[in-house]
Amino acid sequence: MKIRVLLLSLLFCLSVSAQSLKVTFPPISVEVKGQTYTLEYANSFELRSQGLMYRKSMCENCGMIFNFNQVKTAGMWMRNTFIPLDVAFIKRDGTITDIKAMQPHDESTITSSEKVLYAWEMNQGWFKQNNIAVGDKVTIQETTTNID
């Protein structure tokens, strides 16, 4: 019981400190279906933990790539996230395995159906509006190194 209370306190403190810090994400280029998009790049534990939390809006073609630094069954949630999002899970070879809708403040875990290296978050409906679907190939042009 004491460990659980300690862990919950630690999570609360981390959440408050993340909210109060202005985190800067490096840019990354993503190409799919002949179009290139410049997105924010969450390539460290700190950046992945912050993600798109606390934002009230996001421009039409803005989004974020999460690099997990190892292939795994990935999970995402929407704690402290105000924007409805879609997430595309992407394998190491660039193949989109899933595109799933996520609702603001929903803390249930949305998981990839396969082991992936990346997750790509955009405004909800963006992938459909841009005819991007499961099975499409994405090229992620990493220009920065992973921090962790």
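In this predicted model, residue T97 is part of strand β5. T97 has a relative accessible area of 8%, and because buried means under 20%, this residue counts as buried. Setting aside residues within four places in sequence, the contacts of T97 are F89, K91, S113, E114, V116 and V134.

A short step back along the chain leads to T95, which sits in the loop between β4 and β5, the latter spanning residues 96–102. The relative accessibility of T95 is 15%, so T95 is buried too. Its side chain makes a polar contact with the side chain of K137, at 3.2 Å. Beyond the neighbours within four places in sequence, T95 is in contact with F89, I90, G135, D136 and K137. F89 therefore appears in the contact lists of both T95 and T97.

The loop that holds T95 belongs to a hairpin. Strands β4 and β5 form this hairpin with five residues between them, and G94, in the turn, has a positive phi of about 95°. The two strands run antiparallel and are joined by six bridges. Two of the pairings can be followed by eye in the structure: I90 has I96 of β5 as its bridge partner, while V87 stands opposite K100 in β5.

Strand β4 also pairs with β6, again in the antiparallel sense and over six bridges. Here L85 has N123 of β6 as its bridge partner. A general point helps in reading such pairings: strands of a sheet pair through backbone hydrogen bonds, either parallel or antiparallel.

How much of β4 is hidden from the surroundings? Six of its six residues are buried, so β4 is largely enclosed by the rest of the structure. The side chains of β4 are divided between two directions: L85, V87 and F89 point one way, whereas D86, A88 and I90 point the other way, and all of them are buried.

The nonpolar cores come next. As a general tendency, nonpolar side chains in soluble globular proteins are buried together. In this model, the largest nonpolar core has 20 residues, and M76 and F89 have the most contacts inside it. Strands β3 (63–76), β4 (85–90) and β6 (110–123) each supply at least two residues of this core. The greatest contribution comes from β3, with five residues. There is also a second, separate core of 19 residues, and its members include V32, A88, I90 and W120. It is worth finding F89, A88 and I90 together in the structure: F89 points one way from β4, and A88 and I90 point the other way. F89 belongs to the largest core, whereas A88 and I90 are in the second one.

Looking at the wider picture, the strands described so far belong to an open sheet of seven strands, in the order β5-β4-β6-β3-β2-β1-β7, with mixed pairing. The edge strands are β5 and β7 (138–141), each of which pairs on one side only. On average, neighbouring strands of the sheet are turned by 35° against each other, with direction ignored.

At the β7 edge, Q141 offers a useful comparison with the threonines above. This residue lies in strand β7. With a relative accessibility of 33%, Q141 counts as partly exposed. Not counting residues up to four places away in sequence, Q141 touches I28, S29 and E31. The C-alpha atoms of Q141 and T36 are separated by 9.9 Å, although these residues are 105 residues apart along the chain.

Finally, the protein can be described as a whole. There are three helices and seven strands, and from the N terminus on, the elements run α-β-β-α-β-β-β-β-α-β. Of the 148 residues, 41% are buried. Many contacts link distant parts of the chain: among those between residues at least 6 apart in sequence, 67% join residues at least 24 apart. The accessible surface comes to about 8,400 Å², and 55% of this area belongs to carbon and sulfur atoms.

Terms used. Residues numbered from 1 in each chain as written. Predicted model: local features only at pLDDT ≥ 70, side-chain atom pairs only at ≥ 80, totals over all residues. Heavy atoms only, no water. Core = buried A, V, L, I, M, F, W, Y, C linked by side-chain atoms within 4.5 Å. Buried < 20%, exposed > 50% of the residue type's maximum accessible area, 1.4 Å probe, protein only. Helix = DSSP H or I, 4+ residues; strand = E, 2+ residues; numbered from the N terminus. Polar contact = N/O pair within 3.5 Å; in protein donor to acceptor, adjacent residues only side chain to side chain. Contact = heavy atoms within 4.5 Å. Pairing = 2+ DSSP bridges. Areas by Shrake-Rupley, 256 points an atom, 1.4 Å probe, with all protein chains shown as cover. Axes fitted to C-alpha atoms, helices over the stretch in contact; angles between N-to-C directions.
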